[in-house]
Amino acid sequence: MEFKETKTISMQIADRICDEILQGKYAEGERIPSVREYAALVEVNVNTMVRTYEMLQMRQVIVMQRGVGYFVAPGAASLIYTARKEAFLQGDLQECFRQMQLLGLSMDEVVRYYEDYIRKTILNQLDNHEKD
């Protein structure tokens with residue numbers, strides 16, 4: 001996993017796990033990899049993963065069953081979706097609007113870029129599906 005310097009490694013891994021939950025890789029109630037397994041997967045220290053899992057537990061995204069492992073909490077996907085949507089609308093999107101205004105970009109231009117992005121994404125998904 002490539003890490004950025006703008007966020008702690010634990011937060012970036014937590015975001016990745018949340019992405020995987022939203023993408024359906026881990027369903028609610030499903031066991032996720034152990035701390036050691038996930039640490040090996042993303043090539044980080046076990047202590048970093050412990051902090052990540054503690055953070056996700058505090059956010060009620062995962063739950064620990066003593067002696068069994070960590071599981072995706074009931075309602076986790078909805079919780080992640082709601083929190084991310086709010087953060088995007090109040091943060092990233094506001095910055096995007098500010099940049100659009102500074103650069104004189106019209107909504108029509110942005111819509112064209114968005115539609116092109118969606119089209120490419122769908123084509124990539126179809127290509128990947130055909131390869132499987």
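These are my notebook entries on salt bridges, a pocket, a surface patch and backbone angles in one structure.

**Model.** I worked from a predicted model.

**Salt bridges.** I counted eight salt bridges. I looked up three of the pairs, beginning in helix H1. There, Arg-16 and Glu-20 join side chains at 3.2 Å, N to O. The two residues are four apart in helix H1, so about one helical turn separates them. I then checked how accessible each partner is. Arg-16 is partly exposed because its relative accessible area is 25%, whereas Glu-20 has 6% and is therefore buried. I also noted that Arg-16 and Glu-20 belong to a network of salt bridges together with Lys-25.

The next pair I looked up was Glu-37 with Arg-31, whose side chains form a salt bridge at 3.9 Å, N to O. Glu-37 is partly exposed at 44% relative accessible area, and Arg-31 is partly exposed at 37%.

In helix H5 I found Arg-119 bridged to Asp-116, with the closest N and O atoms 4.0 Å apart. The spacing of three residues in helix H5 places Arg-119 and Asp-116 about one helical turn from each other. I recorded Arg-119 as partly exposed at 48% and Asp-116 as partly exposed at 28%.

**Surface patch.** I next examined a nonpolar patch on the surface, made up of Tyr-114, Tyr-117, Ile-118, Ile-122, Leu-123 and Leu-126. Together these residues have about 610 Å² of accessible area. I checked Ile-122 individually: it lies in helix H5, residues 107–131, and is partly exposed, with 43% relative accessibility.

**Largest pocket.** I looked up the largest pocket and found about 360 Å³ of space in it. Its lining has 15 residues, and those nearest the centre are Ile-80, Ala-83, Arg-84, Lys-85 and Ala-87. Helix H1 (9–22) and helix H4 (76–103) are the elements that contribute two or more residues to this lining. The largest share, nine residues, is from H4. By class, I recorded nine nonpolar and six charged residues in the lining, and no polar ones.

**Backbone angles.** Most residues other than glycine have a negative phi. I therefore noted Glu-43, a residue other than glycine whose phi is positive, near 60°. Glu-43 sits in the loop between helix H2 (35–42) and helix H3 (46–58), and it counts as exposed at 67% relative accessibility. I made a second such entry for Gln-60, with a positive phi of about 65°. Gln-60 is in the loop between H3 and strand E1 (62–65); its relative accessibility of 55% makes it exposed.

Notes. Residues are numbered from 1 along each chain as its sequence is written. This is a predicted model: local features need pLDDT of at least 70, side-chain atom pairs count only at pLDDT 80 or more; totals for chains, interfaces and linings use all residues. Side-chain values use heavy atoms; hydrogens and water are left out. Patches are made of residues with over 30% relative accessible area and no salt bridge: like charges are joined within 9 Å, nonpolar side chains (Val, Leu, Ile, Met, Phe, Trp, Tyr) within 5 Å. Accessible areas come from the Shrake-Rupley method with a 1.4 Å probe; for residues, only the protein chains shown count as cover. Buried means under 20% relative accessible area, exposed over 50%, partly exposed in between (1.4 Å probe, protein chains only). On a 1 Å grid over the protein atoms alone, a cavity is a set of points where a 1.4 Å probe fits but cannot get out, and a pocket is an open set with protein on both sides within 12 Å along at least five of seven lines; lining residues have an atom within 4 Å of a point. Grid points are joined across faces, edges and corners, and a volume is the space filled by probe spheres set on the points. Ala, Val, Leu, Ile, Met, Phe, Trp, Tyr, Cys and Pro count as nonpolar, Asp, Glu, Lys and Arg as charged, and the others, Gly among them, as polar.
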